[in-house]
Number of protein chains: 2
Amino acid sequence: MNKYIFPGKNSWNELIKRPVLKREEISEIVQNIFDEVKKNGDQALFDFNKKFDAVDIENLSPSIDEVQNSENLISEDLKNAIQTAKENITIFHQSQKAEIQKIETTKGVICWRENRAIEKVGIYIPGGTAPLFSTVLMLAIPAQLAGCKEIILCTPPDKNGEINPAILYTAKLCGIAKIFKTGGAQAVAAMTFGTESIPNVYKIFGPGNQFVVAAKELAQNYGVAIDMPAGPSEVLIIADKNAVPEFCAADLLSQAEHGSDSQVIFISTDAKILEETIEETQKQLENLPRNEFARQSLSNSHFILMKSLDEALEFSNLYAPEHLILAITDFEKYIPAIENAGSVFLGNYSCESAGDYASGTNHTLPTNGFAKNYSGVSLDSFVKKITFQNLSKEGIQNLGKTIEIMAEAEGLFAHKNAVSIRLKN
Amino acid sequence: MNKYIFPGKNSWNELIKRPVLKREEISEIVQNIFDEVKKNGDQALFDFNKKFDAVDIENLSPSIDEVQNSENLISEDLKNAIQTAKENITIFHQSQKAEIQKIETTKGVICWRENRAIEKVGIYIPGGTAPLFSTVLMLAIPAQLAGCKEIILCTPPDKNGEINPAILYTAKLCGIAKIFKTGGAQAVAAMTFGTESIPNVYKIFGPGNQFVVAAKELAQNYGVAIDMPAGPSEVLIIADKNAVPEFCAADLLSQAEHGSDSQVIFISTDAKILEETIEETQKQLENLPRNEFARQSLSNSHFILMKSLDEALEFSNLYAPEHLILAITDFEKYIPAIENAGSVFLGNYSCESAGDYASGTNHTLPTNGFAKNYSGVSLDSFVKKITFQNLSKEGIQNLGKTIEIMAEAEGLFAHKNAVSIRLKN
């Protein structure tokens, strides 16, 4: 834990630095995986399952029994919790649907936009240290609400060749019928090119390790869209004198436990709150099962004392955190000052894990400073907005001259002629 | 011009093929340009101006006189036309602003989204064969409406070291104060890294040749967002027996004149309309100043007779055209069948050039099949949508148990603890 007391602005660029990603080292590995999957399809996936996940399976899809049985392997409590989360996520994403709004820009010229679902989308769910069934909810629900026709899900099998039952159960609950046991860069390659078993898709969503991140970026070179570029997860907390150190410490740790490269930044305008939060963080750390991750990630974390909330917000906008917690009394007042953030949690009772799981907002958010230029996943991420226009005879008469003059000035006479020939008619 | 009579579906994948882009050949050139600009800043831009645009300038910015004088170099008619277009584009993009909608997903849990402008954006306007001042309108207007704080514009100077006055005038009219005389991949590199004169930006917009397209893709590797991937421009027209061959031919040519790699596809359900449109296209072609471009692009074009409008729409969705013109009587009936298209023009009087210039819709649209997974530029392209949430005491009490159960099931105990510690309080 690094502590900074009133750091000068000339040091800020150092403080906002993220862990450096080893982009080039892995891009060759990922390209080779892509080439292999493109060439050998399913067989390449079987081979990579053996190589990377130490599992030898004969069928990429879970059996019907495996899917059905998932329901019996998880508790009623968990099923109910998943159902509650599903309802909230549905309500919030449903509210993002926009009505068609026809606009007459000039008499006889009517323009509007309509949403169309991206037909084929792929969801990647990591295996690894945590079975992220919550991410299934965050991606499958808006995909279904948008009306995507084909939604596929790839996730690595465990050592027994099986998928975590909570992931399977959630996928089934969300109506995802096409599930495949493949992970890492090879799963992304499979969704990019398609294989005998796995259909190719037009857009790939979901988190993953640095190989998955690199693979998604490479997929773009083959015409596939991705949700957003990514890096390790992060939180920035701004706390005033009324913040609760126990709560702040718990929130910092809930970010730090994600992985050893997670970033946590705590800023307070109150020296006592700063010290108590540091103490409390160390105390709570001891009792965590994943405290090795948390300890490593905390070693790179920053605890900063600042002179004012305005200054703290200025720093936060420069850092552009994935998660921003305003543990301050007058949070309403500071909302307009927030420029760059993925998702914002307001007040002492809005913990990040609420948004991670069940409040309704999406937890697929821009990291690594990408909150400066990207939004988190929403219903919009699963649709294209198509513009429409209809010009009546009157419309072309009213607007024709304008178009002719502009087209001629750009030297595009066929553009002009398309109007002239209609005006003559 | 290639004519196809009732082509079988097994031939469709051949018919939807785009011209192949020479990606690998140019990626090395573009990478070198990036390295050079990153290393040498402004000096690299001066050198590239000499090398690629054969012009030796000492200042990357136009002088105040040059900007002021642009107003005197273009006609009143053109100024009025630009003003009319500006008004319509403003009306349509303004209508895309969404109200903040606060949603209570669970009693005491309030979630919403707010838009924030991307702080720094860059607009690229090609030089080349047409001075695309219309693209200045299409990008600067939504950037201003969104509230982007820094909007810069790069465009290559002509042989006299000057910028086309219509481009300068339009930029000034749209309130763009930072204009730079640099083009091609080096302009994109400058906006990516920043130079002594040119600020770096978070997102780059605008069309360009294959070097610019490759440079924008490369910019993404450095954390800069782009409007969308791109390819040559294209139109697909679907015409029934009531279409007007003269109009259709004019629309096809207005696309074909863009460049020798433009794509035009004409589909009719009426053999007579098909034949007359082919004839009319050849006739109108003769009188065009840019008919060399149009002739080359028409040599790769397809004129297709199909059995039904349903079949034509199915083909169109597979092709995913940038521009789709429905020159059919019952266009209302077929709108729901449109799945993939950038912008759609309905009826005999809705020519593509209306949308290119002045109806109000944006002309920066997905090409090369990207209409399957990308939207055209809109107000949304210039903002991030940030999610907010506020949980009251009651909110965390209502939702806490759900979060605890899910966090524990994912093995994330610090996530659980962030709730437990609040519930205990």
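**Two chains about an axis**

Of the residues of chain B, B:Ala98 lies closest to the rotation axis, with its C-alpha at 4.4 Å. This is a predicted model, in which local features need pLDDT of at least 70, side-chain atom pairs count only at pLDDT 80 or more, and totals for chains, interfaces and linings use all residues. Residues are numbered from 1 along each chain as its sequence is written, chains are lettered from A and ligands numbered from 1 in the order in which they are written, and side-chain values use heavy atoms, with hydrogens and water left out.

A turn of 180° and a shift of 0.0 Å along the axis lay chain B on chain A with an RMSD of 0.0 Å (superposed by least squares on the C-alpha atoms of residues with pLDDT of at least 70 in both). The two copies are thus related as by a two-fold rotation axis. The same surface serves both copies, since 100% of the contact residues of chain B (contact being heavy atoms within 4.5 Å) recur in chain A.

Within chain A, five strands (DSSP runs of E, at least two residues) form an open sheet in the order 6-5-4-7-8, with parallel pairing (at least two DSSP bridges between two strands). Strand 6 (178-181) and strand 8 (225-226) of chain A stand at the edges, each with a single partner strand, so one side of each is left without a neighbour in the sheet. Strand 4 (residues 120-124) of chain A is joined by three bridges to strand 7 (residues 203-205) of chain A, and the two run parallel; A:Gly122 has A:Ile204 as its bridge partner in strand 7 of chain A.

Definitions and conventions
Helix = DSSP H or I, 4+ residues; strand = E, 2+ residues; numbered from the N terminus.
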